[in-house]
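Let's take a walk through a protein structure and see how its pieces fit together. Have the 3D view open while you read.

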Amino acid sequence: MKKLAFLAASCAVVISSAAGAFEAGEEDLLSLYGDEDFVSIATGRKQLLSKAPAVASVITAEQIKKIGAKDIEQVLETVAGLHVSRRDSAYNPTFLIRGIHSDFNAQVLILINGIPVTNVFTGDRSLVWGGMPVQNISRIEVIRGPGSAVYGADAFAGTINIITKAADEIDGLETGFSAGSFDTYHAWTLYGGNVNGWDVAFSMELSETNGHDEKVESDLQSVFDGLLATNASLAPGGVNTGKKSVESRLDISKDEWRLRLGFQGRYDVETGSGVNQALDFLGKGESERFNLDLSYHNPEFSENWDVQGTFSFFQTGFKTEDIHLLPAGAFGGLFPEGLIGSPEVNERHYRYDMSAFFAGFENHNVRLGTGVHYIDQYDIEETKNFTANPPPLPPTPMALTKVSGAALFNREESRTVKYVSIQDEWDFATDWSLTTGLRYDHYSDFGETVNPRLALVWDTSYNLTTKLLYGRAFRAPSFAEQFNQANPVAVGNPDLDPEIINTYELAFDYTHSGDLSAGLNLFYYKMEDIIRFTPVAMNTGDQTGHGLELEFNWQVTPQTSINGNYALQRSKDEANDHDAGHAPEQQVYLSVDHALPYDWQVNTQINHVMDRRRVSADARKDVDDYTTLDLTLMRRNWFGGFDFAVSVYNLTDAEVQEPSLYDSLQGFAPISNDLPQAGRSITAEIRKTW
Amino acid sequence: MWTKPDTKMRWWSLRFFPALCLLLATFAVKAEGAAVAVLYPEVRAPYDRIFNDILQGIEQQANGKVVTYALKGEEGLTHVKGWLEQNDPAAIISLGSHGKALADNLALGPKVVVGASMLSDLNISQGVLGISLTPAPEKLFSRLKQLAPKVKKVHVVYQPETNTWLINRAMRAAKDYQLEVQAFPAADVREAAALYKKILKETADGAQAVWLLQGDPTLDERSLLPTILRNAWNKSFVVFSSNPSHVKRGALFSLYPDNVKMGASLAKKAQNILKGIDQDVDPLDDLLIAVNVRTAEHLSLRISRAQEREFNLVFPLK
């Protein structure tokens, strides 16, 4: 806490040293538009109300720029009740919302422009996700709590909707380049304009990094080395976090029609602390994700009807090569080249969704929705040099072979989903409204699920709005959980039911004189039918949780704003009455933004992560708390209209660890000293709008 | 099928990106020689977007070339004069608060059109020409009747030295909308506070409204505004404003500048002044609307989806 106090004090010094008026003589405009956020809104695009009352946070492009974020991970860490942790394999981010953790993080739904980027294989965004750059992002909406009544499957712990920039949000042609620690380079071009009557937005972002190489002390092979008196492990050794990325989007619209194309290519993605929790500097993965979304939206379809239809196609897949599940010399020399298993999975998703708003009943707004989704998992391949045996038997060696049939880790499968939904927002008395929603989903594999949503909103007073919310959500079993094979420690089960969560929330939104707003959310949830590999995947175990999130946003002066949040949660594994583990029980975030004379701007953010407990059987001591301090200094419109920025992340070089997994089947944590994260790093950036 | 792209081909653009930037810069040099010169203050982002939009509107409307000059702080007039002599424009549009001072100090006669600034009776008496940032009263009244048709009486407090011209125009326009405007002159914030206290005491139903003037020196935004808005909520009367940030705080609606269209109107006004057919200060006609739907619902005002779609800004934002 002393460290936190010190950081807060340094923050205050930055603010006080930056005092001073500017823009003298432009009081008329300042009084008209007020603070910066407001001018961004008032000179930007029309904002839409969220689809249903919920506990939500919105982060705009301007805020993303101010904090110097380069990836959505950095943006999402600023959201109350959300902590970005990491899994061992490829150091993929896991977005922990309100204490809900699982290895693949399938309980969080991520959408890009309202379309899921979920991979059905593991229920996450891809085993080779490789991050997502932010330059073409207009805003990110984060809804904590259940959203299945609107979004369907996996809107469970929360929903993250990433909205990309439309033509009118890009001033012509923008180009930029940044370079930083770990040989990180990023270049981008955005274009927005009108071409022959069509609104066109185009973006291309290229990036590459060698990534940090913080050291892992011991890994799974270290455990085997201890048992077999060998010395094959690469630990202690640095993690491998390098990757290359291409991100490109095209958004064309005219009248009611809009076509969006997107491509995410991730190449030479390294293995983090190893796919099998054993360091591997040889393995690489790549993933490509392509989407085509064609939508028709006619808000004046008829007097009372607002109609929207979307067809979307999403192709996603990853492949890997030279994945060393264990290094050379594993199992006492039984595998002189190492235990090699390099998988590949491809998927096609077709979606047709239709929704309509009806406003023909007095005091009611009704939303109807229906759709069909078809998901096809195809072209599963694997190259490996072993046949797995049940523990404690070692795998049986074989020549490196491209296997097929029952020897593969999974199989070609498909799933069809059909749904209907209805939602009614009823203003039943002055200052009171009740939103009732219900969605029925039919899955070709596990059957039916019905998920309701209730929201009672009371405009309590001029300053205060009170919301009482209830929602039920589900997570569909992944194909890994249903159809895994040839792997004795993770066996698929086609008879799984979805995971279920019931959440109750009480939320207060308070505004004081326009310059200060605050929110307090209290929540309680109960998860049921949690899917775990035992080693056969089973619906087993319940988890409950409760907590609160406190957020504020204060425009101290036209030049200075402060926002921050505090989150507290307690989550319990009901099977053993023990903390559910992994996620921080407390988190504090503070960001101070200050505009200085001559277009200089400085942002300081502090993030304090506390109280990360272990799961029941894991006897290791709790994960150490940490505090990071980031600083971004920006100068706009310099040397002929260029914008410059320098960001230092983790300025104090704090030691940051994310918890490594505990293997409950084998009774130990393969990476005993957790997953080390990047120390201090710096990035410099230049951009220009032509 | 997956094919591994050629790494060399894929990354060349990253290595040469800075060079590409410089190359593009050479195409971005603006041409010289002008029919209209625009002076505008150099302000930091995101405020600069306001002036960029206005400049875009001017360029769309102006016949011939437009040259621009970004004023840095309290820049000496000599430099500006020299720049104007060099470009010899037919008309000058001066934006922002400095614009008024420049129009005076440059002594360039009727060629200067002032925009993006509040214009007062004092400015008018000094012969300043232009378009004020203040929304035209008739546009405000039209929206008021559309959103809250029951309103019959509008109360407004104003400083005579600043807004008499606007109030006179409002009085004339009110009749067309079956409205009665009760205008209270106030010399300062203290006098205005007493007047608002009286108005708030007497205003107690949906047939009355309070109009908050943007930029009027008598409106204390820190202490008075929250009191007015809280009273409006408790007594269910309408507050509308010429300032969109008041809507965020709880006023029912506000009209605010459509900057691109305002730029076009300024260019048109400059053309008309040159032709000698326009010698006035006008309030702003190019307007967008911000509405607080929470306040509307509290006032039991029915807003149709068609109406909501027309709104440019809707509060609360989520």
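## Two strands side by side

Start in chain B, where S1(B) and S2(B) run parallel and are joined by six bridges. To see one of those pairings, find Leu39(B): its bridge partner in S2(B) is Tyr69(B). How does the chain cross from S1(B) to S2(B)? The path goes through H3(B), making a β-α-β crossover that is right-handed. Keep in mind that this is a predicted model.

## The whole sheet in chain B

Now zoom out a bit. S1(B) and S2(B) belong to an open sheet of six strands, ordered S2-S1-S3-S4-S5-S11 in chain B, and the pairing is parallel. Which strands sit at the edges? They are S2 (66–71) and S11 (281–284) of chain B, and each of them pairs on one side only. Going from one strand to the next, the twist averages 20 degrees.

On its other side in that order, S1 (residues 36–41) of chain B meets S3 (residues 91–95) of chain B; the two run parallel, with four bridges between them. Here Ala37(B) stands opposite Ile92(B) in S3(B).

## Helices on the sheet

Helix H3 (residues 48–61) of chain B, the one from the crossover, packs on this sheet and touches S1, S2, S3 and S4 (112–117) of chain B. Its direction makes about 175 degrees with that of S1(B).

Helix H12 (residues 259–275) of chain B packs on the sheet too, touching S1, S3, S4, S5 (130–135) and S11 of chain B. The direction of H12 makes about 160 degrees with that of S4(B).

## Nonpolar cores

Where's the greasy stuff? The largest nonpolar core has 90 residues, and the ones with the most contacts inside it include Val36(B), Ile93(B) and Ala209(B). Leave aside residues up to four places away in sequence, and Ala209(B) touches, among others, Leu144(B), Ala148(B), Val239(B) and Phe240(B). Another core, of 60 residues, lies apart from that one; Val75(A), Ile137(A), Ile162(A) and Met527(A) are among its members.

## A mixed sheet in chain A

Over in chain A, five strands form an open sheet in the order S1-S6-S7-S4-S5, this time with mixed pairing. Why is one side of S1 (55–60) and of S5 (115–116) of chain A left without a neighbour in the sheet? Both stand at the edges with a single partner strand each, so there is no neighbour on the remaining side.

For S1(A), the pairing with S6 (residues 137–144) of chain A is antiparallel and has six bridges. In one of these pairings, Val55(A) has Arg144(A) as its bridge partner in S6(A).

Definitions and conventions
Residues numbered from 1 in each chain as written. Chains lettered and ligands numbered in written order. Predicted model: local features only at pLDDT ≥ 70, side-chain atom pairs only at ≥ 80, totals over all residues. Pairing = 2+ DSSP bridges. Axes fitted to C-alpha atoms, helices over the stretch in contact; angles between N-to-C directions. Contact = placed C-beta atoms within 7 Å. Right-handed = clockwise from strand over helix to strand, strands pointing away. Core = buried A, V, L, I, M, F, W, Y, C linked by C-beta atoms within 7 Å. Buried ≥ 20, exposed ≤ 12 C-beta atoms within 10 Å, placed from the backbone.
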